[in-house]
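Reader: I'm new to reading protein structures. Could you walk me through one, feature by feature?

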Amino acid sequence: MSRTSRATRASADAAATAWALAARSGDRHAAEHFVRALHNDVLCYVVHLSGDPQTAHDLTQDTFARAFGSLHRFEGRASARTWLLSIARRAVADSFRYAAARPRLADTPDWQTAVERTQPRDVPGFEDGVALLDLLAALPDERREAFVLTQIVGLSYEEAAGFTGCPVGTVRSRVSRARAALERQLLEAEAPAVLAA
């Protein structure tokens, strides 16, 4: 990450943290800015943690609901982004636990085909998004999390290390290995197309 992007990120984090602290005092305008500033980061993180774009918006809303419910305890010791992503992580984990405890039954014999038929397929970038999710899903959990936090959400390696509770070097190693695995998967996926041509 360049110095300019680090400075921009630090400035954005400081602003989001200031808005969170102001929202804690009841400032509705600050609360709106807080949500706008961090909504996309939370959504991206939740999509990649859950692997389910269909429920990502619900989990993002749950994250912000939890955040506003505990905003009175937020003191700004960590950035609002880091604090919010830790809440998102718990929201996704709770949704997994809930789904495992209460499995849902489909009323159609072939529920997977029924779900696939309802998915939008003519949206620009849809296939690329599905391919990226498939590639990321193949990564081990700790590598996927480090990659998503640093390369998609945009946290620095230091922030990701603080967030995941592991050393910076470990985060760097996980991201490097994730990149290598993704590159290898892409080359393997493209090989049949090159041979066919």
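Reader: Let's start with one residue: is Arg66 buried, partly exposed or exposed?

Author: The general idea is relative accessible area: buried means under 20%, exposed over 50%, and partly exposed in between (1.4 Å probe, protein chains only). Arg66 comes out partly exposed, with a relative accessible area of 29%. Before we go on, some ground rules: this is a predicted model, where local features need pLDDT of at least 70 and side-chain atom pairs count only at pLDDT 80 or more, while totals for chains, interfaces and linings use all residues. Residues are numbered from 1 along each chain as its sequence is written, and side-chain values use heavy atoms, with hydrogens and water left out.

Reader: Got it. What does Arg66 form a salt bridge with?

Author: A salt bridge here is a side-chain nitrogen of Lys or Arg within 4 Å of a carboxyl oxygen of Asp or Glu. Arg66 forms one with Asp62, and their closest N and O atoms are 3.2 Å apart. Asp62 is partly exposed too, at 27%.

Reader: Where do Arg66 and Asp62 sit relative to one another in the helix?

Author: Helices are DSSP runs (H or I, at least four residues), strands are runs of E (at least two), and both are numbered from the N terminus. Arg66 and Asp62 are four residues apart in helix α3, so about one helical turn separates them. There's a wider picture as well: Asp62, Arg66, Asp94 and Arg97 are linked in a network of salt bridges.

Reader: How many salt bridges does the structure hold?

Author: It holds 10. One of them joins the side chains of Glu145 and Arg89, at 2.7 Å from N to O. That pair links distant parts of the chain, with Glu145 in helix α7 and Arg89 in helix α4, 56 residues apart. Their surroundings are worth a look: Glu145 is buried at 11%, whereas Arg89 is partly exposed at 31%.

Reader: And which residue does Arg144 pair with in a salt bridge?

Author: Asp141, with the closest N and O atoms 2.5 Å apart. Both belong to helix α7, three residues apart, so they are separated by about one helical turn. Arg144 is buried, with a relative accessible area of 14%, but Asp141 counts as exposed at 54%.

Reader: What else does Arg144 touch?

Author: Contact means heavy atoms within 4.5 Å. Leaving out residues up to four places away in sequence, Arg144 touches His48, Leu136, Ala137 and Leu139. With Ala137 we can be more specific: a polar atom of the Arg144 side chain lies 3.4 Å from the backbone oxygen of Ala137.

Reader: Let's zoom out. How many helices and strands does the chain have?

Author: Nine helices and zero strands. Of the chain's 197 residues, 33% count as buried. As for contacts between residues at least 6 apart in sequence, 63% join residues at least 24 apart.

Reader: Which residues touch the most other members of the largest nonpolar core?

Author: First, the general idea: in soluble globular proteins, nonpolar side chains tend to be buried together. A nonpolar core is a set of buried Ala, Val, Leu, Ile, Met, Phe, Trp, Tyr and Cys residues joined through side-chain atoms within 4.5 Å. The largest one here has 44 residues, and Phe34, Tyr45, Leu85 and Val171 touch the most other members. Helix α2 gives the largest share of this core, nine residues.

Reader: Which residues is Tyr45 in contact with?

Author: Leaving aside neighbours within four places in sequence, the contacts of Tyr45 include Leu85, Ala88, Val148, Leu149, Val153 and Phe163. Arg89 and Glu145, our salt-bridge pair from earlier, are also among the residues that Tyr45 contacts.

Reader: Last one: how many disulfides does the structure hold?

Author: A disulfide is a covalent bond between the sulfur atoms of two cysteines. The test used is a pair of cysteine sulfur atoms within 2.5 Å, and the structure holds zero of them. As for individual cysteines, Cys44 is partly exposed at 23% relative accessibility, while Cys166 is buried at 14%.

Notes
Polar contact = N/O pair within 3.5 Å; in protein donor to acceptor, adjacent residues only side chain to side chain.
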